[in-house]
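Please look through the structure shown here with the following explanation at hand. It moves from one site to the next.

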Amino acid sequence: MRSYLLHRLWQSLVTLILATMVVFLGIRALPGDPALALAGEERDPASLAAIRERYGLDEPLLLQYWKFVSNSVRGDLGTSIRTDTPVTELLATALPVTLELSLLSLLVAVLLGVATGVAAAVRRGKLTEWIANALALTSLSIPNFWLGLMAILYLAVAVRLFPASGYVPFFENPIANLHHLVLPSLVIGTGLAAVVMRQTRSSMLEALSADYIRTARAKGLSTSAVILRHALRNSLIVVVTIVGLQLGALISGAVVTERIFGLPGFGKLTIDSVFQRDYPVIQAVVLVTATAYIVINLLVDLLYSVIDPRIRVRGREA
């Protein structure tokens, strides 16, 4: 287990370094100059040179990258070119919003996906399976932005059940906080629920045809006990893996939904920073997202290796 953990940590570190290099060089390859955006109307050479010197934009790329990495290791992510605010303060404001939205979306996806997946497997060949498959296919086919606009139009504007946009911090008013996050969580969670449903159904069908299920039924256990205590419990191994991987994707993938519902999370911060060529903020957002994705993947792999020891063996051989 120790060698497997060291192997995965080394892989994660290499992945993180490559991700930061790609992002760092990619941002600087974008057209536009942040010094021009910051200088506004006063675009004389002296002002532009002063801005570039202040933010280190006139230094060689290799030196800029080294400073970015070494400062990030010490917890210093720089200062926003656009707002002149420490990047850590901007992240501390935006990250909780995105994390809360991601966790609520994941909760919606697990509840809907596992329930419909189990129903489709248990009622295989019946109308229930056909409806569950049709709903999953529909959810996968509908883009999140369109579903978000329809939710605002009908549930927020026409029926007035939920607010169309805005955000209230949880510790300021928990009820209002959840009220504002219901629609965006449903929009993101519905699409993810289709993936969870299909994985749950597939795993449940495999489990229901296994020998230990026939043995459990032969012992006289009730149908609910066989499904919940034996088939579903073993099927959740795959579902947990999928959910863990999707959480990492949610943190970076909620950009469009946050923008539609006016949430001050990573989505708004990223888009505003890209338009203003705010290099330090873009780098920090991608660094945090990549780190979260890698850490979650690492935890999922370790959890999976605990459940199935054969994974550790294959990992060492690789």
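Arg 160 is found in the loop that runs between H7 and helix H8 (174-208). In this predicted model, the residue has a positive phi of about 60°, although it is not a glycine. Its relative accessibility is 69%, above the 50% that marks an exposed residue, so Arg 160 counts as exposed.

A second loop residue may be read alongside it. Asp 84 belongs to the loop between H4 and helix H5 (87-122). Here too phi is positive in a residue other than glycine, with a value near 60°. The relative accessible area of Asp 84 is 41%, and the residue is therefore classed as partly exposed.

Helix H7, which covers residues 144-158, contains Asn 144. Asn 144 is partly exposed because its relative accessibility is 28%. Which residues does Asn 144 contact, once its neighbours within four places in sequence are left aside? They are Val 187, Ile 188 and Thr 257. For Ile 188, a distance between backbone positions can also be given: its C-alpha atom and that of Asn 144 are separated by 6.7 Å, while the two residues stand 44 residues apart along the chain.

The path now turns to helix H4, formed by residues 61-73, where Gln 64 has its place. Is Gln 64 buried or exposed? Its relative accessible area is 11%, and buried means under 20%, so Gln 64 is buried. When residues up to four places away in sequence are not counted, Gln 64 touches Phe 24, Arg 28, Gly 56, Leu 57 and Glu 59. With Glu 59 there is a polar approach as well: a polar atom of the Gln 64 side chain lies 2.7 Å from the backbone oxygen of Glu 59.

The final topic is the empty space inside the model. Rolling a probe the size of a water molecule over the atoms shows where such space is left. The structure holds 2 cavities of 30 Å³ or more, and the volume of the largest cavity is about 50 Å³. The residues that line the largest cavity are Ala 19, Thr 20, Val 23, Phe 68, Gln 283, Val 286, Leu 287 and Ala 290. By character, this lining comprises 6 nonpolar and 2 polar residues, with no charged ones. Helix H1 (2-28) and helix H13 (279-307) each supply at least two residues of the lining. Which helix gives the most to it? The answer is H13, with 4 residues.

Notes:
Residues numbered from 1 in each chain as written. Predicted model: local features only at pLDDT ≥ 70, side-chain atom pairs only at ≥ 80, totals over all residues. Heavy atoms only, no water. Buried < 20%, exposed > 50% of the residue type's maximum accessible area, 1.4 Å probe, protein only. Polar contact = N/O pair within 3.5 Å; in protein donor to acceptor, adjacent residues only side chain to side chain. Contact = heavy atoms within 4.5 Å. 1 Å grid on protein atoms, 1.4 Å probe; cavity = no way out; pocket = protein on both sides within 12 Å on 5 of 7 lines; lining within 4 Å. Points joined across faces, edges and corners; volume = space filled by probe spheres on them. Nonpolar A, V, L, I, M, F, W, Y, C, P; charged D, E, K, R; others polar.
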